[in-house]
Amino acid sequence: MAVDLLLGLQWGDEGKGKIVDVLTKDYDIIARFQGGPNAGHTLEFDGIKHVLRTIPSGIFHDKAMNVIGNGVVIDPVVFVKELEGLDKFKIDYKAKLILSRKAHLILPTHRLLDAASEAAKGKAKIGSTLKGIGPTYMDKTGRNGIRIGDLELDSWKEKYRNLADKHEAMISFYNVDVQYDLDEMEVEFFEAIERLKELTFIDSEEYFHKAIKAGKTILAEGAQGSLLDVDFGTYPFVTSSNTTAAGACTGLGIAPNQVKEVHGIFKAYTTRVGSGPFPTELFDETGAEMAKVGHEFGAVTGRPRRCGWLDLVALKYACQVNGVTQLNMMKGDVLSGFKTLKVCTAYKYKGETISHLPYNIEPENVTPVYTEFPCWKEDLTKMSNPSQFPKELNAYIDFLEKELEIPIKIVSVGPDRKQTINR
């Protein structure tokens, strides 16, 4: 069987966790392929909201195996708290959750390095979540990192000590005031490591090879969004991993020719957390209303999200880079009752009108060109069938499908898994 991918097409927070949860019934294996605990995937069902940070979003289903791939970076302390959050729901994660030996560990000193580096940047800071993600990926590419598989070796604590000492020397180099008690942090860290070692570690590339050969159905789950990809995002205001479709191959150990469907998820409008360019950002009452109605606050960080109109130029770019085969539109219900809707269909860029994403989309270079639409007034949250959609919503969807040349298969009309309409 082939591997299907599920990816965010904007700057993250598109609603990937909910759609993975909805789709899991059709898959034997759900696999996270990149990112770390800076990503929060929110699932809501039976009146309860769940926020997963590292664990794949299929964990609440009885039959699905959940795999954390080699492209993920794991903070043992955060991870154990996530496991403890599952305990009250009697989730048998020891049987349903397995970890790649090649996944890298986030150390306490990685978080301290993250804070020191961001503080040293001053006004030029990139808006890091300070979870130690960047420094961990830097150690990975610098060939210094500690991986899950190292925990099975007798020498792993010596390796840890050498790397932590190196990090402390680097922290002092930044010459910023970072107060910490590493001894205290390490107590919690080593306790979490022992809990981590109770789970099953696998050679994930061999696991997926055998699973595909056995005809298992696999859904690869991405974190963050395509516009935060370290290569193809709005650099340097990006994450430290490849959030696009190519990242699923390197983050799990699967061959490109095994990929079949690519599910792309986007909001009916656009949001962004932290620093970085955002051409369609709204600074008026409309933007504030979007944020209020959409509850636009980070699932992990609690940071308010910047809101703006849908950017079709950026969305087309993300679809092209990922080879998206079907689309899921989230949060259409949030826009109900707005006077008019706008969609950015082109940019004014250095004196000319363009319809592709240029190298630089900072505000001094880019002005969005909008197409306006009448908005629907109806409350979408009670709808359960596409036949109930108001004509204005259908016109909006039809326009997007025509422009993107990709079918919109799912429309989400609320946070609960039941508020998901197949077209």
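In this short talk I will go through a sheet, a pair of helices and one loop residue in the structure above, which is a predicted model.

Let me begin with the sheet. It is an open sheet of ten strands with mixed pairing, and the order of its strands is S9-S7-S5-S2-S10-S1-S11-S15-S19-S20. Strand S9, residues 200–202, and strand S20, residues 420–422, stand at the edges, and each has a single partner strand, so one side of each is left without a neighbour in the sheet. From one strand to the next, the twist averages 25°. As background, the strands of a sheet pair through backbone hydrogen bonds, and they may do so either parallel or antiparallel.

We can now look at some of these pairings, starting from strand S9. Strand S7, residues 97–100, runs parallel to S9 and is joined to it by three bridges, and within this pairing Ser 100 has Ile 202 of S9 as its bridge partner. Strand S5, residues 65–68, is also parallel to S7 and is joined to it by three bridges, with Asn 66 having Leu 97 of S7 as its bridge partner. A little further along, strand S2, residues 29–32, and strand S10, residues 218–221, run parallel and are joined by four bridges, and here Arg 32 stands opposite Glu 221 in S10.

Which way do the side chains of strand S7 point? Leu 97 and Leu 99 point one way, whereas Ile 98 and Ser 100 point the other way, and all of them are buried. In a regular strand, the side chains alternate between the two faces of the sheet.

There is also a helix to place against this sheet. Helix H12, residues 391–404, lies across strands S11, S15 and S19, and it runs at about 145° to S15.

Next come two helices that touch. The axes of helix H4, residues 108–121, and helix H5, residues 133–141, come within 7 Å and cross at roughly 115°, and H4 and H5 are therefore roughly perpendicular to each other. Their crossing is right-handed. The contact is made by His 110, Leu 113 and Asp 114 from H4, together with Ile 133, Pro 135, Thr 136 and Asp 139 from H5; by class, it has three nonpolar, two polar and two charged residues.

Finally, where is Gly 274 placed? Gly 274 is in the loop between strand S12, residues 270–272, and helix H10, residues 285–293, and at 25% relative accessibility it counts as partly exposed. Leaving aside neighbours within four places in sequence, Gly 274 is in contact with Arg 303 and Arg 306.

Key: Residues are numbered from 1 along each chain as its sequence is written. This is a predicted model: local features need pLDDT of at least 70, side-chain atom pairs count only at pLDDT 80 or more; totals for chains, interfaces and linings use all residues. Side-chain values use heavy atoms; hydrogens and water are left out. Two strands pair if DSSP finds at least two bridges between them. Helices (H or I, at least four residues) and strands (E, at least two) are DSSP runs, numbered from the N terminus. Axes are lines fitted to C-alpha atoms, for helices over the stretch in contact, and angles run from 0 to 180 degrees between N-to-C directions. Contact means heavy atoms within 4.5 Å. Buried means under 20% relative accessible area, exposed over 50%, partly exposed in between (1.4 Å probe, protein chains only). Angles under 35 degrees count as roughly parallel, over 145 as roughly antiparallel, 65 to 115 as roughly perpendicular and the rest as oblique. A crossing is left-handed if the near helix is turned anticlockwise from the far one by less than a right angle, and right-handed if clockwise. Ala, Val, Leu, Ile, Met, Phe, Trp, Tyr, Cys and Pro count as nonpolar, Asp, Glu, Lys and Arg as charged, and the others, Gly among them, as polar.
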